[in-house]
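Hi there,

Here is the structure I promised to pass on. My notes on it follow below, so have a look whenever you get a moment.

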Amino acid sequence: MSTTSRLSGFKDSTIAQRRETVAANSGVDPAEMGVFDPAGGLGVESANHMVENVIGTLAVPVGVATNFTVNGIDRLVPMATEEPSVIAAASNAARMARVHGGFHTSHTGPVMQAQVQLLDVADPEAARLRILEAAPEIIAAADSLDPMLVEFGGGVRDLTVRILPTRAGTHVVVHLVVDVRDAMGANAVNTMAESVAPRLAEIAGGRPLLRILTNKADLRVVRARAVFDKDLLGGAEVVDNIVAASAFAEADPYRAATHNKGIMNGITAVVLATGNDTRAVEAGCHSHAVGSDGRYTALSHFEKTPDGNLSGVLETPMAVGLVGGATKVHPVARTTIKILGVETATELAEIITAVGLAQNLGACRALAAEGIQRGHMSLHARTIAATAGATSSELDLVVRRLVDDSNIRAEHAQEILAELRSGR
Ligand SMILES: CC(C)(COP(=O)([O-])OP(=O)([O-])OC[C@H]1O[C@@H](n2cnc3c(N)ncnc32)[C@H](O)[C@@H]1OP(=O)([O-])[O-])[C@@H](O)C(=O)NCCC(=O)NCCSC(=O)C[C@@](C)(O)CC(=O)[O-]
Ligand SMILES: NC(=O)C1=CN([C@@H]2O[C@H](COP(=O)(O)OP(=O)(O)OC[C@H]3O[C@@H](n4cnc5c(N)ncnc54)[C@H](OP(=O)(O)O)[C@@H]3O)[C@@H](O)[C@H]2O)C=CC1
């Protein structure tokens, strides 16, 4: 939790000043901010304990989005992304929601599901009922594998059975529904699924094959809503145009894919910054974008409020944890969690979905008003100038010229540099 996330002048500060401000406003020890230096973050030796055949690490920029209020609490939000303008857009959108109370969320709890696939079952309908009759035994056996999780208030909540016709015959698919508390939960539920699979197969009179969690985490859903201010958005016409942009994304899968990519710009950046599994969250979100009619659509929805402001809602599965995976191992992830000030995985999930909504609004506002290139390309100009070889002292000058000339291209950056260096 931060004292305030409204940090005026933050974007124009030096890196050292930003670190000081973030530490002061989040209660993180200023000395700990050194973790964001290349030498202070993930060392090669630690990396070698995380994955296989390690030869090094890859640094990704980490910035802090400002202006976020989620459920009445100000949060500074670390975001890891290589894409210019993402953090600026999220901060800008959060500023527009802040005046109307920020983001409000609700959730279904940290519930994941593991699937056990059973093949060669002669009587699938009867097998389904036999498994349901044995549910207390199966649930107790699964719970006994993770007493720690049960002690924390988690454990198996339910067992369901589906009959699935496939081109390889009829499969009986058992779902273990597990409250994984502060874990992302994949390892926890996979262990359970593997352990109870032989007994399930015995009851069904078939053979077990896959025993793995589903990333369609539709029992672990977070919903975020916010009202964005019409004047800060740019007026009534912009509000109407964002509503039309939202309708376009709902109606057209080609547009929905890009619209949802914009949401994931924010979501993935926080998921990555906190050491969570980006692929698991991406799989969950995109699967959630397919409606009951089988059509891929927008994850968010925007409409005009009676007083002419813009209301936005977003619902996403959000399988993130505070224990397990890389979250506790990666030194940067440990610090980003402290900056966020979250105590539970669900609180983290709520902030991430709020960022997704802000990110989406930021992009839709730009698209529905001046177009994406003005804001995005003027920030992208920094990358172009650096790629062209501008030094720190030359960078700002080259960027200004690229933007002023409305010609944000590498060749032009090189021309400007040549001109500067020749003293012309
Ligand atoms: C870039 C802005 C915000 C400029 O917008 P602006 O109106 O020029 O900004 P401003 O200078 O008036 O500042 C307003 C606020 O924006 C933030 N801000 C502004 N500039 C910075 C900066 N340099 N560094 C950090 N924060 C910045 C900051 O919060 C600031 O307020 P403050 O807190 O300072 O009082 C705007 O043009 C914008 O939001 N553009 C959209 C950019 C975007 O969405 N980028 C995502 C990448 S494009 C993409 O991949 C997705 C897409 C677009 O395809 C998805 C889709 O199609 O739906
Ligand atoms: N398809 C996918 O998405 C897959 C993802 N993965 C990977 O799995 C990893 C995540 O698995 P996950 O199960 O979260 O990780 P871990 O198994 O590392 O952590 C979960 C365990 O932590 C212990 N724990 C301690 N405190 C808590 C608490 N407060 N709440 C909950 N559990 C607690 C629990 O048991 P105890 O202490 O008893 O052990 C729990 O089982 C990620 O690295 C992910 O990439 C793996 C396979 C597939």
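**Notes on helix α12, the domains and ligand 2**

The buried residues of α12 pack against two strands, β1 (62-70) and β2 (73-80), and against the helices α1 (15-26), α10 (253-273) and α13 (345-368). Please keep in mind that this is a predicted model.

Helix α12 itself spans residues 331-340 and is mostly covered, with seven of its 10 residues buried. Those buried residues are V332, A333, T335, T336, I337, I339 and L340. Just after α12 comes G341, which has a positive phi of about 70 degrees.

On to the overall layout. The protein is divided into three parts: domain 1 (10-108 + 221-369), domain 2 (111-213) and domain 3 (374-421). Between the C-alpha centres of domain 2 and domain 3 there are 57 Å.

Then there is the site you may want to look at next: which residues are closest to ligand 2? They are M148, R181, N187, G324 and G325, out of 23 residues that surround the ligand. Two elements, α6 (147-151) and α7 (186-204), each give two or more residues to this shell. Of these, α7 gives the most, with four residues. Domain 1 and domain 2 each supply at least three residues of the shell around ligand 2. Sorted by class, the shell has 11 nonpolar, eight polar and four charged residues.

Happy to talk any of this through.

Best wishes

Technical notes:
Residues are numbered from 1 along each chain as its sequence is written. Chains are lettered from A and ligands numbered from 1 in the order in which they are written. This is a predicted model: local features need pLDDT of at least 70, side-chain atom pairs count only at pLDDT 80 or more; totals for chains, interfaces and linings use all residues. A residue is near a molecule or strand if its C-beta atom, placed from the backbone, lies within 6 Å of it. Ala, Val, Leu, Ile, Met, Phe, Trp, Tyr, Cys and Pro count as nonpolar, Asp, Glu, Lys and Arg as charged, and the others, Gly among them, as polar. Domain bounds come from an automatic or database domain assignment. A residue is buried if 20 or more other C-beta atoms lie within 10 Å of its own, exposed if 12 or fewer, and partly exposed in between; C-beta atoms are placed from the backbone. Two residues are in contact if their C-beta atoms, placed from the backbone, lie within 7 Å.
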